[in-house]
Amino acid sequence: MRLWVDTDFGFDDLWALLLLRHYGATVEGISLVAGNTPLPQVIANALGAAEAYELGAPLHAGADKALVREVETAQEILGEKGMDSRGRFLPEVDRAQPPADAVEALAAWLMQDGRREVLALGPLTNIALLVQRFPEAAARITRLVWMGGSNGPGNHSPLAEFNALCDPEAAAIVAGAGLPLDVIDLMICRQAIFGPEDMPQTDPLTADLLGGYLDIGLKRGRAGMAIYDPVAALAMVRPSAFAFERQSLTVSTTPNETYGATRFRPDPQGLTRLPTAPLEDIARLCLDALRQEASHGLSE
Ligand code: BDR
Ligand code: CA
């Protein structure tokens, strides 16, 4: 499988990219978007991860702010770098900055032949700009998988999930664009939980970053942490691991307590799908993929 990834490059975004590699998918381009952190830190994370994990895909910088709302980040939860750690951090790479042409580059990639699958792991700003500026290219997407939204309570406000709340206007545009959209929402991701006893054996850097990610849950008195973006990547490469239902999706752009909330309604004719249940042990699949991709240099 060949695909494009749009990401705000936190740790679980990196984990998703490693899972794609584990399943033999080729990422032909990565567009970066402000979300977990402001865009400069997203770019720094992408450059550091590309070096540490030998990610070869070309990087493109995209939107540094949401379409309408003021900047919202997750740094209060994830730390300044958008990736917490128990020790080591990604290397700080002094390399040329990626070109600031993410939406144009994605549009050009979409105009090529063959299946055109896009995995979105952050706020949908870049994808909404694509829909607005390059509708012909957007219409060529054969499958768009997005980690975002919630068919239940939120995680960044009582009603809204982080990626949706970061840019509700963008999410509303994408939801209404008539694209074949699979929404990997908070509810399905919360069925993929891992705890201290599940920590895979990996190289020291990955162990520290995964530990930092797990600590988000542990520090809040929970037994573990939900796996978000890797579950969306799994839905991309292994859709048989989920039971999907066709639903219509609307996103609240009303500036009140519903801002960014996603609403799903059964719609047998619709192009949007929501996974209603895992059919396999999706946490285990994500953890196994990480262990196998991040155990270089360790004796088996
Ligand atoms: C989403 O928010 C981000 O912090 C994660 O990377 C994931 O994409 C979960 O709400
Ligand atoms: Ca993300």
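This report describes the surroundings of ligand 1 and of the calcium ion (ligand 2) in a predicted model.

Local features in this predicted model need pLDDT of at least 70 and side-chain atom pairs count only at pLDDT 80 or more, while totals for chains, interfaces and linings use all residues. Residues are numbered from 1 along each chain as its sequence is written, and side-chain values use heavy atoms, with hydrogens and water left out.

The residues around ligand 1, each with a heavy atom within 4 Å of the ligand, include Asp12, Asn36, Met147, Phe162 and Tyr228. This shell comprises five nonpolar, three polar and four charged residues, where Asp, Glu, Lys and Arg count as charged. Three side chains place an N or O atom within 3.5 Å, the limit for a polar contact, of an oxygen atom of ligand 1, as tabulated here.

| Side chain | Distance to an oxygen atom of ligand 1 |
|---|---|
| Asn155 | 3.0 Å |
| Glu161 | 2.4 Å |
| Asn163 | 2.9 Å |

The protein covers 94% of the 280 Å² of accessible area (Shrake-Rupley method, 1.4 Å probe) that ligand 1 has on its own.

The calcium ion (ligand 2) is coordinated at 2.3 to 2.7 Å by Asp8 (OD), Asp13 (OD), Asp13 (OD), Leu121 (O) and Asp229 (OD), donors being N, O and S atoms within 3.2 Å for Ca. Because Asp8 lies in the loop between β1 (2-7) and α1 and Leu121 in the loop between β4 (117-120) and α5 (125-133), this pair ties together parts that are 113 residues apart in sequence; helices (at least four residues) and strands (at least two) are DSSP runs.

Key: Chains are lettered from A and ligands numbered from 1 in the order in which they are written. A polar contact is a pair of N or O atoms within 3.5 Å; within protein, one must be able to donate a hydrogen and the other to accept it, and residues adjacent in sequence count only if both atoms are side-chain atoms. Donors are N, O and S atoms within 2.8 Å of the metal (3.2 Å for Na, K and Ca); water is not among the atoms, so sites may look incomplete.
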